[in-house]
Amino acid sequence: MIIIFSNQKGGCGKTTLATAFSFYLSIKGHLVTVFDTDEQQSLFQMHQMDKTHFDNSFLFDVQYINVDDEDSINKMFAEFSGTDDKIAVVDSSGVLDFKNLFLASRCDNIIVPFSFDKKTLPSTLTWLKSYSHFKFDESKIIVLANRIKSTVKKEALEKAKALISANGYFVCNNNVADINSINLLTTVAIDKQTHERTVDAFNEMYLKIFNK
């Protein structure tokens with residue numbers, strides 16, 4: 001199985017969620033490999049640094065893969081498609097183009113995180129419309145409200161989620177509150193605050209992904 005975290009807007013939490021969900025899946029007994037497809041390689045570089053500084057047995061490996069490298073992309077799909085126990089989690093680039101949309105369309109599930117602000121919500125709607133424009137399978141999409149600040153009015157957030165849902169996309173009932181521990185993010189272990197703020201949404205996502 002291949003699960004990709006994708007959105008064109010930087011700062012919506014793709015990398016944080018991809019890492020946290022990889023821990024979640026690993027703890028549930030799945031064999032997870034994370035693929036960083038962003039040219040900045042922030043997640044891959046963080047993992048390399050963690051391996052240098054920590055003498056730990058890591059729950060998952062992180063590899064960098066270039067979206068222009070068709071052989072490597074096809075190898076990933078050949079290895080991870082068709083199984084629920086062996087899972088690839090992909091942290092995608094923030095570039096909105098056909099290449100990245102097509103990559104997302106080939107994955108089994110697409111997690112689209114969005115923050116509730118004036119820039120991220122419109123950018124998320126643009127990503128969703130662009131994906132749908134190419135007639136890709138919309139049933140793969142799971143939209144997750146992420147990094148929600150305590151000052152956000154519940155009614156306004158629910159209205160935004162209803163707008164997305166009305167266009168046929170699955171939107172998680174659970175939201176992820178703003179995580180202050182983002183600077184503590186590592187691939188060694190998940191911190192308590194991140195776990196507590198993501199677990200309800202991840203439980204909901206897990207049931208949706210595995211049809212339980």
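A crossover is right-handed if, with the strands pointing away from the viewer, the path from the first strand over the helix to the second runs clockwise. In this predicted model, β6, helix α6 (residues 154–166) and β7 make up a β-α-β unit of that right-handed kind.

**Figure 1. The predicted model is shown as a whole, with its seven helices and seven strands.** Read along the sequence, the elements follow the pattern β-α-β-α-β-α-β-α-β-α-β-α-β-α. The C-alpha trace spans about 45 × 35 × 35 Å along its principal axes, and the radius of gyration of 16 Å agrees with the value near 17 Å that a compact globule of 212 residues would have. Of the 212 residues, 50% count as buried, and the accessible surface comes to about 10,500 Å², of which 49% belongs to carbon and sulfur atoms. Among contacts with a separation of 6 or more, 78% are made by residues 24 or more positions apart.

**Figure 2. The open sheet is formed by seven strands in the order β3-β2-β4-β1-β5-β6-β7, with parallel pairing.** Its edge strands are β3 and β7, each of which pairs on one side only. Within this order, strand β5 (residues 109–114) runs parallel to β6 and is joined to it by five bridges, while β6 and strand β7 (residues 170–171) pair in the parallel sense over two bridges.

**Figure 3. Strand β6 is seen with its partners β5 and β7.** On the β5 side, F114 has A145 of β6 as its bridge partner, and I111 stands opposite I142; on the β7 side, the bridge partner of I142 is F170. The connection from β5 through α5 to β6 makes a right-handed β-α-β unit, and the connection from β6 through α6 to β7 makes a right-handed unit as well.

**Figure 4. Both faces of β6 are covered by the rest of the structure.** In a regular strand the side chains alternate between the two faces of the sheet. Here I141, V143 and A145 lie on one side and I142 and L144 on the other, and all of these are buried. Because five of the five residues of β6 are buried, that is, under 20% relative accessible area, the strand is largely enclosed by the rest of the structure.

**Figure 5. The largest nonpolar core has 32 residues, of which W127, I141 and V143 touch the most other members.** At least two residues of this core come from each of β1 (2–5), α3 (70–80), β4 (86–91), α4 (98–106), β5, α5, β6 and α6. A second, separate core of 31 residues includes I3, I111, L144 and L185. In soluble globular proteins, nonpolar side chains tend to be buried together. Leaving aside neighbours within four places in sequence, V143 is in contact with V112, F114, L128, I164, Y169, F170, V171 and C172.

**Figure 6. N109 is shown in strand β5 together with the residues that surround it in contact.** N109 counts as buried because its relative accessibility is 9%, which is under the 20% limit. Not counting residues up to four places away in sequence, N109 touches M1, I2, I3, I4, K140 and I209.

**Figure 7. Q63 lies in strand β3 (residues 61–64), which is one of the edge strands of the sheet.** With a relative accessibility of 33%, Q63 counts as partly exposed. Beyond residues up to four places away in sequence, the residues touched by Q63 are T33, V34, F35, D36 and F44. The C-alpha atoms of Q63 and T120 are separated by 27 Å, the two residues being 57 residues apart along the chain.

**Figure 8. Two loop residues, Q41 and K135, have positive phi values although neither is a glycine.** Q41, with a phi of about 60°, is found in the loop between β2 (31–36) and α2 (42–53). K135, whose phi is near 65°, sits in the loop between α5 (120–133) and β6 (141–145). K135 counts as exposed because its relative accessibility is 74%, which is over the 50% limit.

Note on methods: Residues are numbered from 1 along each chain as its sequence is written. This is a predicted model: local features need pLDDT of at least 70, side-chain atom pairs count only at pLDDT 80 or more; totals for chains, interfaces and linings use all residues. Side-chain values use heavy atoms; hydrogens and water are left out. Helices (H or I, at least four residues) and strands (E, at least two) are DSSP runs, numbered from the N terminus. Buried means under 20% relative accessible area, exposed over 50%, partly exposed in between (1.4 Å probe, protein chains only). Two strands pair if DSSP finds at least two bridges between them. Contact means heavy atoms within 4.5 Å. The radius of gyration is taken over C-alpha atoms; the globule rule is 2.2 Å times the number of residues to the power 0.38. Accessible areas come from the Shrake-Rupley method with a 1.4 Å probe; for residues, only the protein chains shown count as cover. A nonpolar core is a set of buried Ala, Val, Leu, Ile, Met, Phe, Trp, Tyr and Cys residues joined through side-chain atoms within 4.5 Å.
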